[in-house]
Amino acid sequence: MLRILLLFIILIAGIVVGPMVAGHQGYVLIQTASYDIQTSVTGLVIMLVLLLVIMFALEWVLRRIFRTGARTRGWFLGRKRSRARKQTRAALLKLAEGDYRQVEKLMSRNADHAEQPVVNYLLAAEAAQQRGDDFRTRQYLERAAEVADTDQLPVDITRVRIQLARHEDHAARHGVDRLLEVAPRHPEVLRLAEQAFLRTGAYGALLDILPAMRKVQIHDDEELQQLQQQAYIGLMDQAMADSGSDGLKQWWNNQSRKVRHQTALQVAMVEHLLQCDDHDTAQQILLDGLKRQYDERLVLLMPRLKAGDPQQLEKQLRQQIKQHGDTPLLNSTLGQLLMKHGEWQQASEAFRAALKQRPDAYDYAWLADVLDRLRQPDEAAKMRHEGLLLTLKSNPE
């Protein structure tokens with residue numbers, strides 16, 4: 001507007017001043033190879049002004065045309081974005097309903113115009129996976145990777161999650177290893193790593209990520225402890241499968257003192273050694289564990305031992321009775337050990353002491369066997385009768 005006003009001022013000034021200088025207009029000659037243009041200074045000024053007016057007019061017309069085109073394109077794009085938002089909202093509702101076919105359809109349609117195209121393609125990929133459509137799953141993942149550009153973390157996480165859902169465990173393990181290099185403390189990466197490592201038997205790798213899992217609080221302390229024990233027992237299984245009892249002993253000796261002093265791992269180690277028929281080493285680990293800390297799980301394993309020096313077990317049991325009292329478990333276990341050695345009278349006393357504190361069908365049966373050895377058939381029959389009644393009460397059906 002300012003430029004047009006300036007042009008009008010120039011025109012008015014020319015109209016007013018022109019007649020005043022009519023007698024002194026001057027002379028202008030423009031000569032080219034083929035033409036000679038002659039005019040006055042006033043005429044040249046008027047032509048220049050008219051040329052500027054025409055140029056400004058053309059500029060205004062072109063600007064209006066291009067602005068209209070931009071508005072038209074903006075309208076179409078806005079319409080597609082609005083439609084994409086509506087379809088995304090509808091897809092989320094279908095996801096809550098479990099209608100994965102509709103989720104895939106709505107998420108993939110107009111995904112390029114959604115607010116977060118990567119999210120749409122990833123959800124479409126997971127929906128296709130739920131339907132078992134591997135081709136479309138890969139297609140959506142590839143498209144998501146293209147749209148994500150440099151931010152590939154969400155795409156890689158979704159790919160590993162889908163691989164685990166398909167039970168492609170070793171492929172998921174490979175993907176998890178790469179994710180841990182990029183985002184070692186990402187909660188979802190650690191959750192996926194836990195699944196992949198457990199499924200592929202990568203127990204050492206699982207132990208390595210436990211500190212990071214503790215820091216980001218994926219599990220509470222009790223769950224992490226159980227996960228750690230599961231990993232160590234998995235390593236025991238591998239050592240036993242590779243080298244039997246010798247492999248187990250070598251693995252156990254290579255562990256830190258803190259690990260070897262965990263009662264749950266001592267119990268697991270004793271059970272593994274019993275499977276290998278290495279009763280002497282199993283007894284030594286059991287006795288070392290009981291000396292440090294009393295635990296009923298270790299006591300329950302005593303009757304299964306067939307070591308060459310059973311006297312140590314009896315001695316340890318009597319020591320535990322002195323320290324922790326005359327408990328039914330300790331008396332029953334002592335009675336079972338004495339039975340193995342043919343010490344029938346002492347065994348009967350131990351079983352009677354256990355039954356005096358609490359009735360138990362197994363103790364009644366063992367006491368009956370001992371009484372048969374002591375040539376007391378009537379009392380033995382009575383003990384079996386008591387054990388049978390107790391069993392019937394425990395299982396009324």
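1. R375 is found in the loop between α18 and α19 (377–394). In this predicted model, phi of R375 is near 60°, a positive value in a residue other than glycine. R375 is also exposed, with a relative accessible area of 76%. Anyone checking backbone geometry should expect to meet R375 among the residues with positive phi.

2. A second residue of this kind is D277, which has a positive phi of about 65° although it is not a glycine. D277 is found in the loop between α12 (263–275) and α13 (279–292). Is D277 buried or exposed? Its relative accessible area is 59%, and D277 therefore counts as exposed, the cut-off for that word being over 50%.

3. On confidence, the protein averages a pLDDT of 82, and 76% of the residues score at least 70. Among the elements, α12 has the highest mean pLDDT, at 95, while helix α1 (residues 2–20) has the lowest, at 60. Where pLDDT is low, the predicted coordinates should not be read in detail.

4. The overall content is as follows. The secondary structure comes to 19 helices and two strands. The protein has 397 residues, of which 36% count as buried. Taking the contacts with a separation of 6 or more, 51% are between residues 24 or more positions apart.

5. One helix pair deserves a point of its own. The axes of helix α4 (residues 117–131) and helix α6 (residues 153–165) come within 11 Å and cross at roughly 5°. How do α4 and α6 run, roughly parallel or roughly antiparallel? Angles under 35 degrees count as roughly parallel, and α4 and α6 are therefore roughly parallel to each other.

6. The residues behind that pairing can be listed. From α4 come V118, L122, A125, E126 and Q129; they meet P154, V155, T158, R161, I162 and A165 in α6. By class, the residues of the contact of α4 with α6 divide into seven nonpolar, two polar and two charged.

7. N120 also has its place in helix α4. With a relative accessible area of 4%, N120 is buried. N120 and A144 are 24 residues apart in sequence, yet their C-alpha atoms are 8.3 Å apart in space.

8. Turning to aromatic residues, the count comes to four aromatic pairs, with ring centres within 6.5 Å as the rule. One of them is W251 with W252: the ring centres are 6.3 Å apart and the planes stand at 45°, so the pair is tilted. Both W251 and W252 are buried. Y232 joins W251 and W252 in one aromatic cluster.

9. F351 and W366 form another aromatic pair, with 6.0 Å centre to centre and 25° between the planes. Which label does this geometry earn? The pair of F351 and W366 is stacked, as planes under 30 degrees apart count as stacked. The pair links distant parts of the chain, with F351 in helix α17 (residues 344–357) and W366 in helix α18 (residues 361–373), 15 residues apart. F351 is buried, with a relative accessible area of 0%, whereas W366 counts as partly exposed at 25%.

10. S332 touches both members of that pair. S332 lies in helix α16 (residues 328–340) and is buried, with a relative accessible area of 4%. Leaving aside neighbours within four places in sequence, the contacts of S332 are F351, A354, R358, D363 and W366. F351 and W366 thus appear in this list as well as in the stacked pair.

11. L298 is found in helix α14 (residues 296–301). Its relative accessibility is 0%, so L298 counts as buried. Beyond its neighbours within four places in sequence, L298 is in contact with T263, Q266, V267, L286, G289 and L290. L298 and V270 are 28 residues apart in sequence and 8.7 Å apart in space, C-alpha to C-alpha.

Notes:
Residues numbered from 1 in each chain as written. Predicted model: local features only at pLDDT ≥ 70, side-chain atom pairs only at ≥ 80, totals over all residues. Heavy atoms only, no water. Axes fitted to C-alpha atoms, helices over the stretch in contact; angles between N-to-C directions. Helix = DSSP H or I, 4+ residues; strand = E, 2+ residues; numbered from the N terminus. Parallel < 35°, antiparallel > 145°, perpendicular 65-115°, else oblique. Contact = heavy atoms within 4.5 Å. Nonpolar A, V, L, I, M, F, W, Y, C, P; charged D, E, K, R; others polar. Phe/Tyr/Trp six-rings, centres within 6.5 Å; stacked < 30°, edge-to-face > 60°. Buried < 20%, exposed > 50% of the residue type's maximum accessible area, 1.4 Å probe, protein only. pLDDT = per-residue confidence, 0-100.
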